[in-house]
Amino acid sequence: KHGIVYAKSVPVCYTPFLIFPVKRKRQTGLLTPQFSHSNNKGYESTLPFFWAINESSDATFYGNYMSKRGFKGGIEYRYALSPQSKGAVMFDYLRDRETDDGTDSGFVGIEGDNYDRTNQDRWWLRTKVNQDLPLGFRGMLDLDIVSDQDYLLEFKTGYSSYEDSNDYFEDAFGRDLDDRRNVTRRNQLHLHRPWEQFSLNADLLYFDNVILRRSNDPDPTLQRLPNIQFNGIKQDLFGSPFYFDLVSSYVYFWRDYGTRAHRADLQPRFYYPLTFFKYLQFEPSGGFRQTMYQVERYQDDSQ
């Protein structure tokens, strides 16, 4: 009760009480606070609160105060219905006191690009989900949407940071985030349906170019909306001595500015295995590949 944290002789944090869970079973309460200092953020303190909602879900709330930048709030929600069905959603928001407008304001901005970070509303949404679906389908969702190109570079360590989030996703889902320096962020919805001898994979794949989105410049980033693959492993052809396999796909290459196109691709291959004198095996095969394109042009020729 009545806990105070001092930096030398200056009190920097007070709380009327703290609850630290020490049991093996999850327990609602405050987590270990973090304190730091930097030139860009000033004195910084973070106090997380963990909420054990039920046996299959929980949430953590983060309060991150920075004396130079303001208050950054965050929430992390996690659920696990089974080892194959689980998800995590994380969101942070900061009304930043500082902007990077290219002037000598004393704020040390992030170097490496020619674009200033003039926005004060700053946020980051990231999500990963694995989910069993009806009819034998399995889905995976990855979202990584950030307000500006500097956010992940500035908030790379500590609670609810890039490194903290990336480590959790890699450990829990086996999939990490794009590099924090990458201004084009990958967002994907993936569906998978296996059969004994065939498989179906379908993706909605969107690459979010943060700089072009914020500047409202024409965005030529090529998206795959959708990308569908239907493949078959090598198998006998209706009980005959012949075998075949199959690789096929359809993709719609979409972008906000520039040429768009549909592409369909079909690649069946047939095999006839032969055995001579019980020791020599020979397998002639043949197949064909048919690819079809339909091109759409939407760009403004006057630009």
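Start by selecting Asp-92 and Arg-126 in this predicted model: both residues are buried. Show their side chains and you will see them meet in a salt bridge, 2.5 Å from N to O. Asp-92 sits in strand β8 and Arg-126 in strand β9 (residues 121-132), so this pair ties together parts that are 34 residues apart in sequence.

Stay on β9 and pick Lys-128, then add Asp-142 from strand β10 (residues 138-146), 14 residues apart from Lys-128. These two form a salt bridge with closest N and O atoms 2.4 Å apart, and both are buried. Next, select Arg-69, Asp-96, Arg-117, Arg-122, Asp-148 and Glu-154 together; salt bridges with shared partners join them into one network.

Now go to Asp-58 in strand β6 and Arg-78 in strand β7, 20 residues apart. Their salt bridge has its closest N and O atoms 3.0 Å apart. Asp-58 counts as buried, at 6% relative accessibility, while Arg-78 is partly exposed, at 24%.

Keep β6 (residues 57-66) in view and click on Phe-61. Phe-61 belongs to a nonpolar surface patch of about 720 Å², whose members include Trp-51, Tyr-77 and Phe-91. Strands β5 (42-54), β7 (70-82) and β8 each supply at least two of the patch residues.

For the interior, select Trp-124, Val-146, Tyr-151, Leu-152 and Phe-169: of the 15 residues in the largest nonpolar core, these touch the most other members. Helix α2 gives the most to this core, with four residues.

Finish on α2 (residues 162-173) with Asp-167. Add Glu-163, Asp-164, Glu-170, Asp-171 and Asp-176, and you have a negative surface patch on screen.

Notes
Residues numbered from 1 in each chain as written. Predicted model: local features only at pLDDT ≥ 70, side-chain atom pairs only at ≥ 80, totals over all residues. Heavy atoms only, no water. Patch = residues over 30% accessible without salt bridge, like charges linked within 9 Å, V, L, I, M, F, W, Y side chains within 5 Å. Areas by Shrake-Rupley, 256 points an atom, 1.4 Å probe, with all protein chains shown as cover. Salt bridge = Lys/Arg side-chain N within 4 Å of Asp/Glu carboxyl O. Lys, Arg positive; Asp, Glu negative; His and termini not counted. Charge placed at Lys NZ, Arg CZ, Asp CG, Glu CD. Core = buried A, V, L, I, M, F, W, Y, C linked by side-chain atoms within 4.5 Å. Buried < 20%, exposed > 50% of the residue type's maximum accessible area, 1.4 Å probe, protein only.
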